[in-house]
Amino acid sequence: MSRPGVWLQPGHLSCFRGCLVIALTAWAAAEVGAQERRFHVGLAGSHATNNEASADNRQSGFGGSLTARFGAERWGVEAELNVRSLSPSEDETLEDLSIRGGALRGHYGVWRDLDVEVGLESRTIDPELAAQDVAGLLVGLRYEVPFASIASMRIRGAAIPLTWFNGGGDSGIGVAVGLAARIRPTAGRWGLFGEYDFRRLDRSVQGIDVPIQFESVRLGVELGF
């Protein structure tokens, strides 16, 4: 029987407004290296599913994402803001809900295309307690391989050692997995990207298991500067 995991943060959205501030500052630095476009902004459509407590307790729906990333020779920063509207998939007694969230991640190269990555992810739910507001710290690795001058693929895996819930409870170490691909069809300023992310937390409240699981798929376009 499947059980759920996470994606993260309670009302810390003000933290993520700072994500774009950081990325925009990086844009100015990117202009110094004019031979390579190091700052990118993107807009994507997304589909997401959220499970809490059991596989039948599922909501799914669509939304949009705004992304920004900056990469230097060995390090980089990524930020994203997401808005999604979800409806019950099976149990009609569940509420419709909206999820607003964001993420800020930094990575540093340690060996060839392998990077260490640390990030903060969060989400808030409306109406409150229709699902959990969750925030978490992620620590892991990412491996990005360029296939050619116009394409790359990335895989990331992380542990989630610290989490916060607005409804209380705690969890052990959560798991996060992600896959992504990017392509620039004309090797120019614009490109296409696709991403899949999975989060799982085995939350418990007063000895009762109420795990949380979140999945999302995004397809979008980005511009390099």
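Which side chain does the side chain of Arg142 make a polar contact with? Keep that in mind for a second while I say one thing up front: what we have here is a predicted model.

Okay, so, the partner is Glu78, and the two side chains come to 3.0 Å in that polar contact. Arg142 itself belongs to strand 6, residues 134-148. Now, is Arg142 buried or exposed? Its relative accessibility is 4%, and the cut-off for buried is under 20%, so Arg142 counts as buried. If you look around it, and skip residues up to four places away in sequence, Arg142 touches Glu78, His107, Asp113, Leu114, Asp115, Glu117, Arg154, Ile155 and Arg156.

Let's move on to strand 10, residues 190-201. Nine of its 12 residues are buried, so strand 10 is largely enclosed by the rest of the structure. Which strands does it pair with? Strand 9, residues 174-183, runs antiparallel to strand 10, with nine bridges joining the two. If you want a register mark there, take Val175, which sits opposite Arg200 of strand 10. Then there's strand 13, residues 212-224, also antiparallel to strand 10 and joined to it by 12 bridges. A handy mark for that pairing is Asp197, whose bridge partner in strand 13 is Ser216.

While we're here, have a look at the hairpin of strand 9 and strand 10. Six residues lie between the strands, and in this hairpin Ala187 takes a positive phi near 55°.

Next, the nonpolar cores. How many residues make up the largest one? Eight in all: Val134, Leu138, Ala158, Ile160, Phe165, Ala176, Leu201 and Ile212. Strand 6 and strand 7, residues 151-165, are the elements that each give two or more residues to this core. Strand 7 gives the most, with three. There's also a second, separate core of seven residues, and Leu86, Leu97, Ile99 and Ile125 are among them.

Phe165, from that largest core, has something else going on. The charged end of Arg203 sits over the ring of Phe165, 5.1 Å from the ring's centre.

Arg203 turns up again with Gly169, which is in the loop between strand 7 and strand 8, residues 170-171. Setting aside neighbours within four places in sequence, Gly169 is in contact with Arg203, Ser204 and Val205. Gly169 and Val205 are 36 residues apart along the chain, yet their C-alpha atoms are separated by 4.4 Å. As for accessibility, Gly169 comes out at 42%, so it counts as partly exposed.

Last stop, the aromatics. The count comes to two aromatic pairs. One of them is Phe39 with Phe225, a tilted pair at 6.4 Å centre to centre and 40° between the planes. That pair links distant parts of the chain: Phe39 is in strand 1, residues 39-52, while Phe225 is in the segment after strand 13, 186 residues apart. Are the two rings' residues buried or partly exposed? Phe39 has 1% relative accessibility, so it counts as buried. Phe225 has 21%, and partly exposed covers the range between 20% and 50%, so Phe225 counts as partly exposed.

That's my tour, so over to you for comments.

Definitions and conventions:
Residues numbered from 1 in each chain as written. Predicted model: local features only at pLDDT ≥ 70, side-chain atom pairs only at ≥ 80, totals over all residues. Heavy atoms only, no water. Buried < 20%, exposed > 50% of the residue type's maximum accessible area, 1.4 Å probe, protein only. Helix = DSSP H or I, 4+ residues; strand = E, 2+ residues; numbered from the N terminus. Pairing = 2+ DSSP bridges. Polar contact = N/O pair within 3.5 Å; in protein donor to acceptor, adjacent residues only side chain to side chain. Contact = heavy atoms within 4.5 Å. Phe/Tyr/Trp six-rings, centres within 6.5 Å; stacked < 30°, edge-to-face > 60°. Lys NZ or Arg CZ within 6 Å of the ring centre and 35° of its normal. Core = buried A, V, L, I, M, F, W, Y, C linked by side-chain atoms within 4.5 Å.
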